[in-house]
Amino acid sequence: SSGRAFNSVSTGVGSSELSIMNNSFVFSGSGAGYASYIASTASLSAHDYNNYYAGTSTNFVYYGTACADLAALQAVDVPAGNDANSVSGNPFYYGVTNLLPYGDLLYQAGTPITGIEDDIEGTVRDEFDPSIGAYEYEPPADPVFVITPDEFDFGSVHKDFESAPQTFTIQNQGSGTLTITSISITGDDLDEFELIDENVYN
């Protein structure tokens, strides 16, 4: 896939003073997609306080030039100081059609914008520290268990050979305390997998 969560191919002719602020750009496909693709930066007057996440894509952001990560995007410095306050990560939306986040990455990470006082549902924006994205929200008060990736296809493995090891990351995206006492593998063909757990549990 070569999709783009946000796509702008303007050459700057006939447009000016474009401000792109407080957005969350997420590409959740596979292959060579982009979280954001801006062919030319000539017409931008402000570009900051955004979130970029390209998942497992081999690309990240195109901003007049290919940028492999947030640091490379900030280094473009057009307009001056672009994306100095932007973030990069999975916002953990509730679903592909429900873009309300439950992770804390976007919470109060935006900046006030004159004339934008409400979110997409009419909730009043925080006067000083609005959330990035369409929703003004608070992370859940309870712990929220998240594992990334939530699945992985090891593909075909020849007999008596091992696949490359894969890393799964467990996170708590809620505000409550998440307590984990052990980790184990369940399901079919347990003897075909090895779990390497370097955590220490109390």
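Here are some short exercises, each with a worked solution, on the predicted model shown above.

**Exercise 1. The overall layout**

Task: Find how many helices and strands the protein has, and in what order they come.

Solution:
- Step 1: Start with the count. The secondary structure consists of 1 helix and 13 strands.
- Step 2: Now walk along the chain from the N terminus. The order reads β-β-β-β-β-β-β-β-α-β-β-β-β-β.
- Step 3: Add the dimensions. The C-alpha trace spans about 65 × 40 × 30 Å along its principal axes.
- Step 4: Look at the surface and the inside. The protein exposes about 12800 Å², with carbon and sulfur atoms supplying 49% of that area. Of its 202 residues, 30% are buried.
- Step 5: Finish with the contacts. Taking contacts between residues at least 6 apart in sequence, 59% join residues at least 24 apart.

**Exercise 2. A small sheet**

Task: Work out in which order strands E3, E6 and E9 lie in their sheet, and which of them stand at the edges.

Solution:
- Step 1: Write down the order. These 3 strands form an open sheet, E3-E6-E9, with parallel pairing.
- Step 2: Look for the edges. Strand E3 (24-26) and strand E9 (87-88) each have a single partner strand, so one side of each has no neighbour in the sheet.
- Step 3: Zoom in on one pair. E6 and E9 are joined in the parallel sense over 2 bridges, and Tyr52 stands opposite Ser88 in E9.
- Step 4: Recall the background. Strands of a sheet pair through backbone hydrogen bonds, either parallel or antiparallel.

**Exercise 3. The nonpolar cores**

Task: Identify which residues of the largest nonpolar core touch the most other members, and which elements give two or more residues to this core.

Solution:
- Step 1: Begin with the members. The largest nonpolar core has 13 residues, and those touching the most other members are Ala35, Tyr52, Val61, Tyr63 and Leu73.
- Step 2: Trace the elements. Strand E7 (61-63) and helix H1 (70-76) each give two or more residues to this core.
- Step 3: Follow one member outwards. Leaving aside residues up to four places away in sequence, Tyr63 touches Ile38, Thr41, Leu44, His47, Leu73, Val76, Val78, Pro79 and Asn82.
- Step 4: Look elsewhere. Another core, of 5 residues, lies apart from the largest one; Val87, Leu106, Ala109 and Tyr137 are among its members.
- Step 5: Connect this with a general trend. In soluble globular proteins, nonpolar side chains tend to be buried together.

**Exercise 4. Asn50**

Task: Decide whether Asn50 is buried or exposed, and find what its side chain reaches.

Solution:
- Step 1: Locate the residue. Asn50 sits in the loop between strand E5 (44-48) and strand E6 (51-53).
- Step 2: Check the accessibility. Buried means under 20% relative accessible area. Asn50 has 0% relative accessibility, so Asn50 counts as buried.
- Step 3: Look for a polar partner. The side chain of Asn50 reaches the backbone oxygen of Ile20 at 3.0 Å.
- Step 4: Survey the surroundings. Residues up to four places away in sequence aside, the contacts of Asn50 include Met21, Phe25, Asp83, Val87 and Ile132.

**Exercise 5. A salt bridge**

Task: Find which two residues form the salt bridge, and where they lie in the chain.

Solution:
- Step 1: Count first. The structure holds 1 salt bridge.
- Step 2: Name the pair. The side chains of Arg125 and Glu136 meet at 3.0 Å, N to O.
- Step 3: Place them. Arg125 and Glu136 are both in the loop between strand E11 (98-101) and strand E12 (145-148), 11 residues apart.
- Step 4: Check burial. Arg125 and Glu136 are both buried.

**Exercise 6. Backbone details**

Task: Find which residues are joined by cis peptide bonds, then compare the settings of Asp77 and Asp83.

Solution:
- Step 1: Take the cis bonds. One joins Val78 and Pro79, with omega about -15°; another joins Thr148 and Pro149, with omega about -10°.
- Step 2: Place the prolines. Pro79 is in the loop between H1 and E9, while Pro149 is in the loop between E12 and strand E13 (169-172).
- Step 3: Turn to phi. Asp77 is not a glycine, yet has a positive phi of about 60°. Asp83 also has a positive phi, near 60°.
- Step 4: Compare their places. Asp77 is in the loop between H1 and E9, and Asp83 is in the loop between H1 and E9 too.
- Step 5: Compare accessibility. Asp77 counts as partly exposed because its relative accessibility is 43%, whereas Asp83, at 0%, counts as buried.

Technical notes:
Residues numbered from 1 in each chain as written. Predicted model: local features only at pLDDT ≥ 70, side-chain atom pairs only at ≥ 80, totals over all residues. Heavy atoms only, no water. Core = buried A, V, L, I, M, F, W, Y, C linked by side-chain atoms within 4.5 Å. Buried < 20%, exposed > 50% of the residue type's maximum accessible area, 1.4 Å probe, protein only. Helix = DSSP H or I, 4+ residues; strand = E, 2+ residues; numbered from the N terminus. Contact = heavy atoms within 4.5 Å. Polar contact = N/O pair within 3.5 Å; in protein donor to acceptor, adjacent residues only side chain to side chain. Salt bridge = Lys/Arg side-chain N within 4 Å of Asp/Glu carboxyl O. Pairing = 2+ DSSP bridges. Areas by Shrake-Rupley, 256 points an atom, 1.4 Å probe, with all protein chains shown as cover.
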